[in-house]
Amino acid sequence: MGFTEVAPKNRLIKPVWIASLLAVAALLLLPSLVPLDGKTHADWQQFLGRFHPLAVHLPIGMLLLVPLLEIGGRVRPALREASILVLWLCAFSCLGTLALGYLLAYGSGATGAGVTRHMWGGISLTIAVLLCALVRPLWASGKLPYAYPALLGCVMLLMAWAAHQGGSLTHGNYYLTEYLPAPLKRLPGLRMLQAKVPLVPNSFYAQHIHPIWDANCLSCHGESKVKGGLRLDAYNLLMEGGRDGPVIVPGKPEKSLLFTRITLPPSDKKFMPAEGKPPLKPEEIAWIKAWILQGASPTAPSLAGVSVPQPYKEVALPQVGDYSKLLGQISQLEASQGISLLPLSKKLGDGLVLNTINVADKFDDARLAQLQRFAPYIVEVDLGRTAVTDACFDTLKTFTHLRALRLEGTSVTGQGLAKLAPLSQLSYLNLSGTKVTQAAIAPLASMHNLRHLYLYNTPAQPVSAARAQEPSARSSP
């Protein structure tokens, strides 16, 4: 073998083997002695169990270190002597991490195929690590030349599999495969990994309700993990309900347990989505209520009184043209004014970005006017907290490719904002901290591409209590 190690004293070997085999037996019997019954148990169990995702990184890190120590030991034998200590530390940390994971599943009432696979992955890995630690001295003495390397290889594979099962519980079954290139998704072995296709793809349920469950609920109520006996990954399972009975009562949202839970205060213990996830959006709650009220149909293509805006489709913006012959003039202007005119990307056709942060207090309407000869090539303008006034709009209207404009903290009042209406590519406008009024921004209503309009701390800021703290009056759909 090329190295020698002092074997442990014989009087220590027997108790270690006996204790380890008893631990293996206890691990194998654990699911039978304390079965995961799908019921919620003591809070202290969930409290301790939630340290499992944190603790699990310790044995993983140490297990990855063991083969490195064994390989390095071919050059420095002392490293191999350290590997047995690391192995036993791995074994004890695996036992502790497994206990925390079991407390999490048992205390929270989590069940399902994914939970079961992850549980047995953890048990199998812990047993394999214990066997590695027991067999390694025999391998080191030359009695079992192949057992330890084979076991160590199994440990690495088991660790990868158990970690994948744990990741699927947290991120969903399709976390690693959702964005696979299309040709790979068509491979026979990977088709089963793709998300389920709704039975009626053009129904309101498939297009708007099921995506809400998918984004917010399936990590706890899906195929891999089932809390409270409730699954939301298929319509028929949703309508079957869970341990507490049906969660959807068609026509009666006030008697539908699921709707009750999603409308509770976030501080309520029974609020859903649980585990610190943000509440559903107001429009999502409104859609769910209307869907239940109108019969909770899986096939209805639309709901009376519910209008869902079409998602905004990004379109390719036109190129600004080649301004390479103007680079010398641009450099001179930057040096004289202290501003920056930087390319948006490596492609000249993507345009320039004007930044005035270094001379904000000195940059005024006159200086902006000096940029007019470069106007067709400028796509983003940052005039935040500069000295510009409403006169700036006379220059800005010539920036025909302008897409983003920041005027926050300036003295503009909005007089002349209508001059920006012809700028068909303008999608972002920040007027926060100015004196613009509702009347001044009225002409902007005709600018259909203006998807982000910020009016925080202005006379035009919406006064609705629900939006008083939002910095934007209009945002992307």
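Helices here are DSSP runs of at least four residues, numbered from the N terminus. With that in hand, the structure, which is a predicted model, can be walked through from the whole chain down to a few individual residues.

Counted this way, the protein chain comes to 16 helices and nine strands. It has 477 residues, and 40% of them count as buried. On the outside, the chain exposes about 25900 Å², with carbon and sulfur atoms supplying 63% of that area. As for how the chain folds back on itself, take the contacts with a separation of 6 or more: 61% of them link residues 24 or more positions apart.

How far can the model be trusted? The mean pLDDT of the protein chain is 84, and 86% of its residues reach 70 or more. Two stretches fall short of that. Over residues 188-198 the pLDDT stays under 50, and the model gives this stretch 15 contacts beyond four places in sequence. Residues 464-477 also have pLDDT below 50, with 28 contacts in the model beyond near neighbours in sequence.

Turning to the surface, a nonpolar patch is made up of Trp 44, Phe 47, Leu 48, Phe 51 and Leu 54, which together have about 560 Å² of accessible area. Helix α2, covering residues 43-49, provides the largest share of this patch, namely three residues. Leu 48 is a patch member that sits in helix α2. Its relative accessible area is 31%, so Leu 48 is classed as partly exposed, the range between 20% and 50%.

Another partly exposed position turns up in helix α7, which runs over residues 147-171 and contains Gly 167. Gly 167 has a relative accessibility of 25%, and it counts as partly exposed because that value lies between the 20% and 50% limits. This glycine also shows a pairing across the sequence: Gly 167 and Pro 53 are 114 residues apart along the chain, yet their C-alpha atoms are separated by 9.9 Å.

Helix α5, residues 77-108, allows a quick check on geometry. How long should it be? The expected span is 1.5 Å times one less than the number of residues, so the 32 residues of α5 should span 46 Å. In the model the end C-alpha atoms of α5 are 47 Å apart, which agrees with that expectation. Right after α5 comes Gly 109, which has a positive phi, near 75°.

Notes. Residues numbered from 1 in each chain as written. Predicted model: local features only at pLDDT ≥ 70, side-chain atom pairs only at ≥ 80, totals over all residues. Heavy atoms only, no water. pLDDT = per-residue confidence, 0-100. Contact = heavy atoms within 4.5 Å. Patch = residues over 30% accessible without salt bridge, like charges linked within 9 Å, V, L, I, M, F, W, Y side chains within 5 Å. Areas by Shrake-Rupley, 256 points an atom, 1.4 Å probe, with all protein chains shown as cover. Salt bridge = Lys/Arg side-chain N within 4 Å of Asp/Glu carboxyl O. Helix = DSSP H or I, 4+ residues; strand = E, 2+ residues; numbered from the N terminus. Buried < 20%, exposed > 50% of the residue type's maximum accessible area, 1.4 Å probe, protein only.
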